[in-house]
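Me: I've got a protein model open and I'd like to practise reading it. Can we go through it with some questions?

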Amino acid sequence: MELRVLQYFLAVAREKNISAAAASLHLSQPTLSTQLRQMEEELGKQLLIRGAKGSRRVQLTDEGLIVRRRAEEILSLVQKMESEVALSDEAVEGEVYIGAGETDSIRLLARAARRLEGRGHQIRYHIASGNAGFVLEQLDKGLIDLGLVYTQVDPQKYESIQLPLGDRMGVLMRRDDPLARKEAICPQDLWKRRLILSHQQGTEEQISGWLRRNVTRLQVVATYNLVFNASLLVDEGFGIAVCLDKLIHTEGSNLCFRPLEPPFELTARLVWKIYQVFSKATEKFVEEMRAELGAQP
């Protein structure tokens with residue numbers, strides 16, 4: 001199957017109209033319709049539900065939705081490859097794609113990027129935010145070069161660098177909450193509270209261990225993968241959120257953060273696929289991170 005046919009299909013999926021898609025592609029409508037039918041014949045599945053006679057309005061079938069998702073990934077990878085190859089003979093110039101959970105440790109990546117920029121390297125960084133499951137999935141598909149995660153990773157599948165500083169866990173709550181009068185939060189303080197917990201892979205078990213209570217015995221009213229949305233639930237009085245420090249700026253707001261006691265910290269790792277062939281830009285960035293962290297290859 002040719003890449004241009006995938007581009008044709010995505011144009012139809014975007015426009016939901018064959019005539020409009022043909023116009024955007026500078027093709028005749030019969031030519032585009034023929035290409036789409038040949039694509040369906042090649043795959044042996046109907047991808048589009050066409051409208052009544054005379055209508056060019058279309059909908060995607062379940063198989064069409066799968067093809068759209070995969071076609072987007074394929075074309076994204078091709079574009080990334082073309083960009084890297086085009087710049088392969090440059091000194092250090094290009095794109096670095098990073099997936100990351102929410103963490104103050106992203107500052108370490110920013111400092112490495114600034115140092116590279118200060119030495120004249122022209123690198124653009126693309127950050128995709130999500131939990132560990134999202135980051136590792138994007139890494140496995142080749143849609144990002146590097147991931148920043150809190151979970152342990154399979155050393156047979158990934159290489160990694162452990163970041164030196166742990167991120168402190170605590171509770172985000174309203175300032176008028178009775179717990180806000182405490183300097184630190186102990187496990188018993190949370191046993192009967194309405195909790196908003198991260199559904200980051202592995203985090204639930206760690207929190208359960210710290211609380212000395214199985215999560216099923218707690219009043220978990222919501223889970224989150226990005227803490228900003230959790231902070232809005234907290235602000236509206238829906239519950240209190242167990243989260244990392246320094247992710248929500250509480251100064252001047254209705255919210256405050258209190259650390260857990262005994263202390264509970266998570267450590268992030270910069271990871272990439274083993275035997276990964278990096279672009280020059282990504283290779284230079286990883287080298288800079290190794291230098292920053294004193295890590296060995």
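Me: How many cavities of 30 Å³ or more does the structure have?
Reply: Keep in mind that this is a predicted model. A cavity here is a set of points where a 1.4 Å probe fits but cannot get out. With the cut-off at 30 Å³ or more, the count comes to three.

Me: How much space lies in the largest cavity?
Reply: Its lining is made up of 18 residues. Among those nearest the centre of the largest cavity are E102 and Y224. The space inside the largest cavity is about 190 Å³.

Me: Which element gives the most to the lining of the largest cavity?
Reply: Start with the elements that give two or more residues to the lining of the largest cavity: they are α7 (203-211) and β9 (240-244). The top contribution is three residues, and the element that gives them is β9.

Me: What kinds of residues line the largest cavity: how many are nonpolar, polar and charged?
Reply: Sort the lining residues by type, with Asp, Glu, Lys and Arg counting as charged. E102, one of the residues nearest the centre, is in that lining. The split is ten nonpolar, seven polar and one charged.

Me: What is the radius of gyration of the protein chain?
Reply: For a yardstick, a compact globule of 297 residues would come out near 19 Å. The C-alpha atoms of this chain fill a box of roughly 70 × 50 × 40 Å along the principal axes. The radius of gyration of the chain itself is 24 Å.

Me: Why does Y158 count as buried?
Reply: Y158 lies in strand β6, which covers residues 158-174. The label "buried" needs a relative accessible area under 20%. Y158 counts as buried because its relative accessibility is 6%.

Me: What distance separates the C-alpha atoms of Y158 and S231?
Reply: Along the chain, Y158 and S231 are 73 residues apart. In space, their C-alpha atoms are separated by 33 Å.

Me: Which residue lies over the face of W191?
Reply: To sit over a ring, the CZ of an Arg has to be within 6 Å of the ring centre, and within 35 degrees of the ring normal. Over at F238, the residue above the face is R194, at 4.8 Å from the ring centre. For W191, the distance to the ring centre is 3.8 Å, and the residue is R213.

Note on methods: Residues numbered from 1 in each chain as written. Predicted model: local features only at pLDDT ≥ 70, side-chain atom pairs only at ≥ 80, totals over all residues. Heavy atoms only, no water. 1 Å grid on protein atoms, 1.4 Å probe; cavity = no way out; pocket = protein on both sides within 12 Å on 5 of 7 lines; lining within 4 Å. Points joined across faces, edges and corners; volume = space filled by probe spheres on them. Helix = DSSP H or I, 4+ residues; strand = E, 2+ residues; numbered from the N terminus. Rg over C-alpha atoms; globule rule 2.2 N^0.38 Å. Buried < 20%, exposed > 50% of the residue type's maximum accessible area, 1.4 Å probe, protein only.
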